[in-house]
Amino acid sequence: MGCDGAGWVGKGLARKEDNRLLRGRGKFIDDIRLHDMLYLKFVRSPYAHAKVTSLDTAVAEALPGVICTLTGAEIANQTNPFIEIGPDPFARIKDYPLAVSKVRYQGEPVAAVIATSPQIADDAAELVQVDYESLEVVVDGEEALKDSVLLHEEAGTNRVWQGIFEYGDIEKAFREAAHVVRIDKMHFHRFSSTPLENNAVIGQWDPKDEHIYYWCNNSFPSFAMQFIAAHLGIPIDRIRVQTFDIGGSFGIKITSYPQMSVCALASKKAGGRPVKWIETRSEHNVSSAHGNERTFRDTRVALDKNAVIMAIDSRHIDDCGAYPRYEPLGCVIWAQVFPGVYRFRNARIDFSQAVTNKCPVGPNRGYSRMQHLWFLERVVDICAHQLGIPPDEMRLRNYIRPEEFPYTTPNGCVYDSGNYPKMLQVAKERIGWEDWQKKQAMARAEGRWLGIGIGTTLDSGTNNFGQSQIVNPNAPFSGNSQGANCKLDIYGEVVVAVGSCPQGQGHETTAAQVVADVLNIHPDMVTVRTGFDTERNVHTGASGTYASQFAVSGLSAVHGAARKLKSEMERLAAFLLKTGEENLEFGMGQQGPQIRAKDTGSSVNYWQLANVVNVNSAVLPAELYELTLNCRYVWRAPFKVPDKEKKYGSLTLTYASQLHIAVVEIDRDTFIPHILEYVAVDDCGKVINPPIVEGQVYGATAHGIGAALMERCLYDAVGNMLTATFSDYTPITAVNIPNVRYAHIETPSPHSYNGAKGMGEGGAAPIHTISAALQDALFSSGIVVSDSFNNADTLYRAMVARDIYQAGDLVKLEKRA
Amino acid sequence: MPEAAPGVSIQVCVNGKLHPREVEPRKLLVEFIREDLELTGTHIGCDTTYCGACTVLMNGAAVKSCTVFAVQADGAEITTVEGLEKNGDLHPIQKAFGDCYGLQCGYCTPGLMISALQLLKDNPTPNQEQIRKAIAGNTCRCTGYQNIFKAIENAAAKLRSPSHAD
């Protein structure tokens with residue numbers, strides 16, 4: 001087996017990335033300036049739904065410094081519409097990167113202006129004359145399903161997808177139930193994790209070699225390339241994508257391929273000069289991507305006499321905005337966590353997705369699962385309150401038990417490991433549960449609104465793309481994979497490349513830790529290439545950074561490549577030292593990293609090994625010619641294609657879990673909710689770099705708290721986005737974030753080489769936790785929290801205006817026992 | 001139709017080096033720093049003076065350089081992130097951000113460190129409340145701020161220690 005023994009994995013190694021980032025030497029896309037570069041500015045629709053009746057670029061083109069313009073009609077003439085992942089009839093829609101004859105959301109680009117400076121491009125964009133004829137607008141998913149206003153005439157409906165996920169025996173469970181709880185409507189709001197660096201692309205369609213070169217911050221390039229190649233009709237090997245430092249993505253930068261397409265086409269029209277597009281914050285907020293919005297209707301919950309949930313029956317409507325793009329994958333991805341952390345075996349979810357006149361969605365951190373997990377946590381808390389059972393007790397009665405792992409869910413997912421009761425216990429200890437119970441009783445006696453909420457969630461990682469076949473039986477995707485390369489360069493340098501494109505997750509550091517352990521050297525001696533580059537030839541079609549998986553797919557690929565390299569080095573060293581491979585040990589010598597014969601102590605260093613293979617090969621016998629010391633390895637997740645009819649199968653490989661507890665007080669004068677105490681307990685199996693994991697937990701927690709209390713993509717009835725700037729969107733700041741107490745437990749995964757689980761998305765645990773705490777504070781006043789976004793306004797409406805959240809209107813309890 | 005405005009001559013001292021330049025009157029200080037001086041460590045994250053990724057020191061005060069015109073900086077002394085290190089050695093604030101994992105993607109980090117620099121010049125022993133207020137104008141989307149609080153506390157301690165002589 002070799003010596004994975006230096007012990008770097010599991011240590012809090014300082015991040016390799018920091019040296020450049022701290023000195024202001026990070027390389028972000030807007031920092032790159034190429035010879036003869038041009039600048040692109042989009043002309044965007046102020047209307048959410050309108051016909052484009054005329055478009056005149058002549059005045060803009062006459063401005064000195066303007067090179068050319070590009071319109072939707074021009075693009076439609078020379079390209080194919082983007083691939084649709086979903087089935088007919090929605091596969092018939094025509095999605096082009098610029099609107100052709102109609103706009104479907106506010107901010108949709110209708111033209112592009114290309115100029116010699118960003119300032120001239122800005123000026124010229126204002127000179128493009130566009131006339132619109134406004135159309136009726138639909139901004140609500142349920143309303144859109146009525147099809148009275150159609151977005152895409154080619155589809156003839158706004159329903160992107162619909163399917164029923166049914167398992168067990170629902171009707172029997174309801175017949176035998178001791179209690180039935182009905183919840184009329186709940187709603188998960190639209191928000192975005194808004195990475196601080198906006199989308200950015202430099203595209204060049206080089207006429208010399210007919211290649212397209214991209215310098216960009218897309219976070220799933222191999223996916224983007226598949227869309228772009230089919231759309232532009234050029235072989236995929238002629239598209240080179242490079243990423244460098246990326247200023248956050250959180251999934252939002254996965255769907256920047258339409259803008260990437262426009263940059264390439266603009267470059268082609270401009271004679272092959274590189275074209276840079278830097279998105280502004282307002283553009284980002286109105287037109288990059290938002291998270292999925294979801295409405296939960298007609299929920300019925302069957303419980304036995306002990307308040308154990310026997311069945312859930314519900315209808316869910318997802319709103320994906322104006323174009324599906326990555327959708328309808330979200331129509332199945334939630335099913336990775338179908339029962340959440342709970343044991344119920346009978347369930348029916350009727351799931352639909354609709355287009356509306358809003359910004360298209362993208363796979364935002366916690367993608368599609370957080371909406372469902374929030375739904376389940378609301379169900380659990382509402383049932384607990386209705387039945388008068390404390391929320392911790394309710395959970396303990398319903399959690400999947402530690403001895404049941406690996407646990408197969410009703411829909412065939414296999415939860416690898418976990419211990420939810422223990423996490424609850426750790427969280428309760430950490431927050432001082434008993435103490436807070438007493439304080440809460442005292443506060444209530446004083447008339448204060450103080451609530452304690454629990455949220456238990458899952459962060460499913462390393463997805464099986466076979467689930468795409470559940471939404472479209474003809475989708476040509478399944479499994480998951482990642483590539484890596486580990487080599488000794490000519491002078492013996494250890495160099496690693498991997499097909500991920502990190503955005504702050506510290507991949508350079510953790511990859512170096514893994515390789516250092518394999519070779520028994522210091523991580524400082526391992527160079528890990530920054531970012532993604534197709535020409536490093538390490539990517540697969542699934543490469544990128546998304547779906548909480550680097551610790552599993554990325555590091556397994558790195559580990560495999562390092563083992564392969566080590567094996568070659570052993571063969572070569574055995575030949576050079578004239579000894580057997582079993583007599584070799586890896587380590588450090590006076591001339592740096594080396595391989596030593598245990599018996600004689602004679603050694604060969606990395607320079608000598610690399611020298612022989614690369615520039616001194618006449619000393620090699622023919623049987624060693626196959627050695628390259630340049631080893632590519634592709635790791636594949638052990639998945640099968642799911643059963644499309646039954647919607648059954650393993651959809652994700654690892655299940656990290658989170659348990660959060662919040663204490664929240666609502667100010668009785670201002671109705672502003674304040675977090676008094678917050679605990680986050682995380683379990684992502686064996687941890688590779690503890691401070692990096694802790695940092696990811698803090699970050700995911702901040703996103704969740706921000707989403708629960710401050711951040712939303714708010715639209716008015718005619719589709720104007722009301723939170724288009726940061727000043728309106730108000731991303732959470734240092735004065736809003738509470739101190740987060742972090743703790744972790746470790747239940748190792750059997751699926752990764754060292755027991756790690758993918759993590760980072762964090763299941764959006766704070767959204768569920770804060771909803772629970774608010775309900776706990778106000779339930780005795782007849783309030784049920786049925787929306788994921790809450791602020792002083794919603795709480796005032798609930799408690800004073802009494803026009804939302806009224807338990808009597810929303811919830812019915814039928815007690816049969 | 002807009003016309004190219006005549007350039008205005010300015011002189012700005014950035015990180016101790018004097019830069020005489022001619023700029024458009026509408027050019028923002030952050031654009032001047034990034035485009036004209038090619039100091040790309042100062043970043044742009046929003047367009048409403050919210051995020052603070054562009055924070056620099058101007059005549060000793062932390063300012064958001066997206067909300068200052070380059071012409072307003074005529075005659076000013078500016079410190080950007082590139083000016084923090086001395087002869088290759090990291091400034092204690094830079095070191096503290098690294099030691100405490102106070103950064104992830106690193107995009108907000110230059111602005112945050114400049115805000116921290118001003119805070120610690122004004123108040124060498126800030127409590128957490130003062131730290132929070134000092135960086136309220138700097139948005140970080142990755143870290144949830146927890147490790148940034150620790151980093152600034154750590155930097156304060158480093159700067160107070162006798163071994164640090166500035």
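Which domains does the domain assignment of chain B give? Keep that question in mind as you open this predicted model, and begin the tour there.

**Stop 1: the two domains of chain B**

Select residues 8–83 of chain B and give them a colour: this is domain 1. Then select 92–160 of chain B, which is domain 2. Taken over C-alpha atoms, the centres of domain 1 and domain 2 of chain B are separated by 21 Å. The contact between them takes 18 residues from domain 1 of chain B and 14 residues from domain 2 of chain B.

**Stop 2: Thr40(B)**

Stay with chain B and pick Thr40(B), in the loop between α1 (29–36) and β3 (55–58) of chain B. Is Thr40(B) buried or exposed? Its relative accessibility is 18%, so Thr40(B) counts as buried, the cut-off being under 20%. Now show what surrounds this residue. Leaving aside residues up to four places away in sequence, Thr40(B) touches Gly24(A) and Asp31(A), as well as Arg34(B) and Glu82(B).

**Stop 3: the loop between β11 and α8 of chain A**

Move to chain A and select Gly248(A), which sits in the loop between β11 and α8. With 0% relative accessibility, Gly248(A) counts as buried. What does Gly248(A) touch, not counting residues up to four places away in sequence? In chain A the list holds Pro195(A), Glu197(A), Lys253(A) and Gln503(A), and from chain B comes Cys105(B). You can also draw a distance from the C-alpha atom of Gly248(A) to that of Pro691(A): they are 443 residues apart along the chain and separated by 18 Å.

Next, click on Phe250(A), also placed in the loop between β11 (239–242) and α8 (257–269) of chain A. Phe250(A) has a positive phi of about 60°, although it is not a glycine. Most residues other than glycine have a negative phi. Phe250(A) counts as buried because its relative accessibility is 13%.

**Stop 4: another positive phi**

Jump to Thr730(A), in the loop between α20 (726–729) and β28 (741–744) of chain A. Phi of Thr730(A) is near 45°, again a positive value in a residue other than glycine. At 23% relative accessibility, Thr730(A) counts as partly exposed.

**Stop 5: two cis peptide bonds**

Most peptide bonds are trans. Where is the bond from Glu327(A) to Pro328(A), and what is its form? Look for Pro328(A) in the loop between β14 (309–319) and α10 (330–333) of chain A. The peptide bond leading to Pro328(A) from Glu327(A) is cis, with omega near 10°.

For the other example, select Phe405(A) and Pro406(A): the peptide bond joining them is cis, with omega near -5°. Pro406(A) is in the loop between α12 (391–398) and β16 (407–408) of chain A.

**Stop 6: a nonpolar patch**

Switch on a surface and select Ile490(A), Tyr491(A), Trp607(A) and Val615(A), which make a nonpolar surface patch of about 450 Å². Tyr491(A) belongs to the loop between β19 (481–488) and β20 (494–498) of chain A. Its relative accessibility is 62%, so Tyr491(A) counts as exposed.

**Stop 7: helix α21**

Finish by selecting residues 765–778 of chain A, helix α21. How many of the residues of α21(A) are buried? The helix is mostly covered, with 14 of its 14 residues buried. At 1.5 Å a residue, the 14 residues of α21 should span 20 Å, and the end C-alpha atoms are 20 Å apart, which agrees.

Conventions: Residues are numbered from 1 along each chain as its sequence is written. Chains are lettered from A and ligands numbered from 1 in the order in which they are written. This is a predicted model: local features need pLDDT of at least 70, side-chain atom pairs count only at pLDDT 80 or more; totals for chains, interfaces and linings use all residues. Side-chain values use heavy atoms; hydrogens and water are left out. Helices (H or I, at least four residues) and strands (E, at least two) are DSSP runs, numbered from the N terminus. The expected span of a helix is 1.5 Å times one less than its number of residues. Buried means under 20% relative accessible area, exposed over 50%, partly exposed in between (1.4 Å probe, protein chains only). Patches are made of residues with over 30% relative accessible area and no salt bridge: like charges are joined within 9 Å, nonpolar side chains (Val, Leu, Ile, Met, Phe, Trp, Tyr) within 5 Å. Accessible areas come from the Shrake-Rupley method with a 1.4 Å probe; for residues, only the protein chains shown count as cover. A salt bridge is a side-chain nitrogen of Lys or Arg within 4 Å of a carboxyl oxygen of Asp or Glu. Domain bounds come from an automatic or database domain assignment. Contact means heavy atoms within 4.5 Å.
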